[in-house]
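Thanks for asking me to look through this model with you. Please keep the structure open while you read, and follow along point by point.

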Amino acid sequence: MTIDKTRTLLSDHVDMRMVAADADQAADRNTIVQLDPDHPGFRDPEYRQRRNQIAELALSYQPGQVIPDAPYTPDEHHVWETIWSALRPAQQRQACAEYLSALTRLSFASDRIPQLREVNEQVMAISGFRLEPVAGLVQPRVFLENLADGVFLCTQYIRHHSTPLYTPEPDVVHEIVGHGVTLASPRLAELNRLFGKAVRRTRSRAALERLSRLYWFTIEFGVVREDDMVKAFGTGLLSSAGELEEMQHAALRPLDLDAATNQEYDPTHFQPVLFCADSFDAMCDTVRGYLVSW
Ligand SMILES: [Fe+2]
């Protein structure tokens, strides 16, 4: 595969929240992402201005308020249309039944980016989870501990329109299509809460890293067997047509959670190793039991 082809397929699977672990850094939910010179939007002053505008919305947001709508442009709505038209058929083939059922509850428009406000209202009514906008990436402990309170910290910007199928950071597409939909499943929402509670009981940096890896290999990249096929429930897979395509070539390991906590991963490449449960029910039971006794 050429580098260009790889880059085209690499989509919004990069959830750097889970790897930016620096336990010594101050816990702050409002760190603004600084664009690197190789970021697709680095040389676009209008995009950078809009990113700053959207970050300002998060900085002035108070929990419990109505989430302000982001000022997306027609080009950005077109990015959503491109991504969604690639993802929908891939999801129909490769998403687990629990995800597809949650997706029908949210019924996204195909031609415009759903606002966090709308998704939040629907998710809250279903599982009680609340989405809250943040200016950028937050530290893993901050991100995970908020889950204990039923709060999901969301970025609100969208990737640059020049690269609709590539983003170097999680954007609103990953948040909504991945996490928003799974939080509209009461069973997956419960697992997210249990992760948060387990993190609250975790003191050492090494133990936090083990839990972060477990979150990665379940909530972000988990798969289960369903009707003799391998189906995704992980948000990193389900928000990226490239990841769903590559998932079929991954080495599957049985869902051994101790092994998952020790499995290293590289967020900048497609995941070569996935942990697969025998069924969605078995996955829920196993992960719930593990987190409760953590
Ligand atoms: Fe994620």
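Here are my notes, going from the whole chain to single residues.

1. Overall make-up. Please bear in mind throughout that this is a predicted model. The chain contains 13 helices and six strands. Of its 294 residues, 54% count as buried. If you take the contacts with a separation of 6 or more, 70% of them come from residues 24 or more positions apart.

2. The nonpolar core. The largest nonpolar core is made of 83 residues. Within this core, Tyr-99, Phe-108, Phe-152 and Met-283 have the most contacts. Phe-108 is a good one to click on: beyond the neighbours within four places in sequence, its contacts are Trp-80, Trp-84, Leu-103, Pro-114, Val-119, Ile-176, Val-177 and Val-181.

3. The cavity. How many cavities of 30 Å³ or more are there? The count comes to one, and the volume of the largest cavity is about 40 Å³. Its lining consists of Tyr-47, Arg-50, Arg-51, Ile-54, Tyr-72, Glu-76, Tyr-157 and Ile-158. Sorted by class, that lining has five nonpolar and three charged residues, with no polar ones. Helix 2, spanning residues 45–59, gives the most to the lining, with four residues.

4. Helix 6. This helix covers residues 140–148 and is mostly covered, with seven of its nine residues buried. The buried ones are Pro-140, Val-142, Phe-143, Leu-144, Asn-146, Leu-147 and Ala-148. What do they pack against? Their partners are strand 2 (151–154), helix 8 (186–200) and helix 9 (205–220). After helix 6 comes Gly-150, which has a positive phi, near 70 degrees.

5. Cysteines. You will find zero disulfides in this structure. Why is Cys-284 not bonded to Cys-96? Cys-96 holds the closest cysteine sulfur to that of Cys-284, but the two are 8.8 Å apart, and a disulfide needs sulfur atoms within 2.5 Å, so the distance is too far for a bond. Cys-284 counts as buried because its relative accessibility is 1%, under the 20% cut-off. Cys-154 has 0% relative accessibility, so this cysteine counts as buried too.

6. Gln-271. Look for this residue in the loop between helix 12 (257–261) and strand 6 (273–277). Is Gln-271 buried or exposed? With a relative accessible area of 6%, Gln-271 is buried. Apart from residues up to four places away in sequence, Gln-271 touches Trp-216, Phe-221, Glu-243, Ala-250, Tyr-265 and Asp-266. The C-alpha atom of Gln-271 is separated by 7.5 Å from that of Met-247, which is 24 residues apart from it along the chain.

7. Ala-251. This residue lies in strand 5, residues 251–254. Ala-251 counts as partly exposed because its relative accessibility is 38%, which falls between the 20% and 50% cut-offs. Leaving out neighbours within four places in sequence, Ala-251 is in contact with Pro-272, Val-273 and Leu-274. The C-alpha atoms of Ala-251 and Phe-275 are separated by 8.5 Å, with their positions 24 residues apart along the chain counted as the distance apart.

Notes
Residues numbered from 1 in each chain as written. Predicted model: local features only at pLDDT ≥ 70, side-chain atom pairs only at ≥ 80, totals over all residues. Heavy atoms only, no water. Core = buried A, V, L, I, M, F, W, Y, C linked by side-chain atoms within 4.5 Å. Buried < 20%, exposed > 50% of the residue type's maximum accessible area, 1.4 Å probe, protein only. Contact = heavy atoms within 4.5 Å. 1 Å grid on protein atoms, 1.4 Å probe; cavity = no way out; pocket = protein on both sides within 12 Å on 5 of 7 lines; lining within 4 Å. Points joined across faces, edges and corners; volume = space filled by probe spheres on them. Helix = DSSP H or I, 4+ residues; strand = E, 2+ residues; numbered from the N terminus. Nonpolar A, V, L, I, M, F, W, Y, C, P; charged D, E, K, R; others polar.
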